[in-house]
Each structure stands twice: as structure tokens, then as C-alpha cells.
Amino acid sequence: MAGDRAFIDLHCHTRFSFDSLASPRSIVRAAAARGLTHLLITDHDRIEGALEARELAPEGLVVIVGEEIRTADGDLIAAFVERAIEPGMSAAETIAAVREQGGLVGAPHPFDRFRGSLLRDARMALLAPLLDWVEAYNARLLGGGNELAAEFAAANGLPGVAVSDAHSVLEVGVAYTAVTGDPSTAAGLVAALSGMELIPGRASVVVRVLTPVAKVIQRARGNGRVAGSRGAASRAGTR
């Protein structure tokens, strides 16, 4: 695809997340129908949904296996992994574990006041050289967090991408990043992000109401958050 345009959403959830009810099949169908060429599935602390989505992806859509990892310091996005990274480690340890698999690392909604966001702690800015991108536009983020993220990305020479952070089929591709090149591999994605265009969009308030509903249903099904063997909750309590 060298020289061609690609359209990639770098943050999307399926029913394998504790806060989504969307099936991998419906997610990949929606992504393809809306013109995306690449989709990073990032279920919370799991990769089963991404693996299933990769198998079900229609022609013309490349699914990248990823994970949104809850670290002791805030959330991180992993891309191009084949084994799930356990939650609860420090951000630096988590990044090292992703790199061991040849993967890439992004900072999701880094200044969101209502989620486990990495850069709410100013000390975490020291991790900037270890990141491959920052979410400069997250379609679910309210307030000024996107502006702060875009400023942080620019100040640290990092690509600032646009993502949907979809938790439902309706949100897939509402925001995405257009690139020139082939982001189907880790090296290809890094190269492609050097010449990107952000396509912003906003998840409706009505759609966001589905998330707490999904959490209740998933809890009733016994599909809660993954507990890391090192105790993410106990680590968080010492911060």
C-alpha cells in the first residue's frame, strides 16, 4: 500500500471489555462499511476480542491486535501484541512488556479527569520518549483534555492521533486518523504516522449512556475487570 491512503482507528472495544456489548463481528463490519482500512481492537486487559475480530475481518480491513492496559500509573494502549499484558504493573514495566513482543505503545485520553489517564500525574511526562503516539483527539473525551493532549504531543515530538474510543457499533470510526503508507505492521504504522491527518468526530451523549448500561449487564454476566496477578487495586491504593 506504499503511497496509498489508509484510514485507521487506533482505539476500539468489543464485548470482551467489561464496558461494551458490541460483538467483534459487528465491529469489523461497521469499520469496513464506514471506509476504515485498519482497526486496532483495544479491549480492557484482554486480547480475545481482537483475535476474534482479526479472524472475522472482511476483505479490505486489517485488524491489529491490541489491548488497553490498566497500569499502576494510568492506562496505556498496546498494538501488535499476541499475548495479553497483565494489568497492575507500572507504566514503565508495561511498556517494556509490550516492547518484548515487538509492539507499539500509545497514551489514551491522557488528560481525562474521569478515567485512568496517564498524564494526570505530571511525573508521567518523563515517559514521553517511550511512547509511539498520544491520543490528541478522543471522541469520548469531554472538557479540555484533548487540547492538553495535542499540546503535549507537539511539545514532545509525538504523533497526536484521533480515535473513536468506540464502545458501541455506532461509534466505530466516528473519529480516526488518515495516513499515507501501510500501517499493517509496527514499523509501517510508525512510518505512516509521520504524515497523518486527524479526522475528528464526536460520540453523541446518547451513545455514551450505553456504557454504564453495558457495565451493569457485563457485571451480571460475570465479565468484570481483569485483576492482575500483582494486584492492580492494591497498587492504586498506594499512589
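This briefing covers the overall build of one chain, its largest pocket and a handful of its loop residues. The model is predicted. The chain has 239 residues, and 55% of them are buried. Its secondary structure comes to eight helices and nine strands. The radius of gyration is 16 Å, close to the 18 Å that the globule rule gives for this length, so the chain is as compact as a globular protein of 239 residues. The largest pocket holds about 510 Å³ of space.

**Overall build**

- The C-alpha trace spans about 50 × 40 × 35 Å along its principal axes.
- The accessible surface of the chain comes to about 10,000 Å². Carbon and sulfur atoms account for 57% of that surface.
- Many contacts link distant parts of the sequence. Among contacts between residues at least 6 apart in sequence, 69% join residues at least 24 apart.

**The largest pocket**

- A probe the size of a water molecule, rolled over the atoms, shows where empty space is left.
- In this chain, the largest pocket has a volume of about 510 Å³. It is lined by 22 residues.
- Which residues are closest to the centre of the largest pocket? They are Phe-114, Arg-115, Arg-140, Thr-211 and Lys-215.
- Helix 7, residues 210-220, gives the largest share of the lining, with three residues.
- By type, the lining residues divide into 10 charged, seven polar and five nonpolar.

**The loop between strand 7 and strand 8**

- Strand 7 covers residues 160-163 and strand 8 covers residues 176-180. Asp-165 lies in the loop between them, and Glu-171 lies in that loop too.
- Is Asp-165 buried or exposed? Asp-165 has a relative accessible area of 0%, under the 20% cut-off, so it is buried.
- Asp-165 has a positive phi of about 55 degrees, although it is not a glycine.
- Glu-171 has a relative accessibility of 1%, so it also counts as buried.
- Glu-171 touches Asp-165, leaving aside residues up to four places away in sequence. On that same basis, its other contacts are Arg-34, Arg-140, Ser-164, Ala-166, Ala-203 and Val-207.
- Arg-140 therefore appears twice in this briefing. Glu-171 touches Arg-140, and Arg-140 is among the residues closest to the centre of the largest pocket.
- Glu-171 and Thr-14 are 157 residues apart along the chain. Their C-alpha atoms are separated by 12 Å.

**The loop between strand 4 and helix 3**

- Strand 4 covers residues 74-79 and helix 3 covers residues 91-100. Phe-80 is placed in the loop between them, as is Val-81.
- Phe-80 has a positive phi of about 65 degrees, although it is not a glycine.
- Why does Phe-80 count as buried? Its relative accessible area is 17%, and buried means under 20%.
- Val-81 is buried, with a relative accessible area of 0%.
- Val-81 touches Ile-47, Val-65, Gly-66, Val-98 and Gln-101, not counting residues up to four places away in sequence.
- The C-alpha atoms of Val-81 and Gly-102 are separated by 7.3 Å. Along the chain these two residues are 21 apart.

**Two partly exposed loop residues**

- Ala-57 is placed in the loop between helix 2 (48-56) and strand 3 (62-71).
- Its relative accessibility is 22%, and the range for partly exposed runs between 20% and 50%, so Ala-57 counts as partly exposed.
- Ala-57 touches Val-28 and Val-63, not counting residues up to four places away in sequence.
- Ala-57 and Leu-39 are 18 residues apart along the chain, and their C-alpha atoms are separated by 9.6 Å.
- Asp-182 has its place in the loop between strand 8 and helix 5 (186-192).
- Asp-182 is partly exposed too, with a relative accessible area of 29%.
- How many residues separate Asp-182 and Arg-5 in sequence? They are 177 residues apart in sequence, yet 8.0 Å apart in space, C-alpha to C-alpha.

Definitions and conventions. Residues numbered from 1 in each chain as written. Predicted model: local features only at pLDDT ≥ 70, side-chain atom pairs only at ≥ 80, totals over all residues. Heavy atoms only, no water. 1 Å grid on protein atoms, 1.4 Å probe; cavity = no way out; pocket = protein on both sides within 12 Å on 5 of 7 lines; lining within 4 Å. Points joined across faces, edges and corners; volume = space filled by probe spheres on them. Helix = DSSP H or I, 4+ residues; strand = E, 2+ residues; numbered from the N terminus. Nonpolar A, V, L, I, M, F, W, Y, C, P; charged D, E, K, R; others polar. Rg over C-alpha atoms; globule rule 2.2 N^0.38 Å. Buried < 20%, exposed > 50% of the residue type's maximum accessible area, 1.4 Å probe, protein only. Contact = heavy atoms within 4.5 Å. Areas by Shrake-Rupley, 256 points an atom, 1.4 Å probe, with all protein chains shown as cover.
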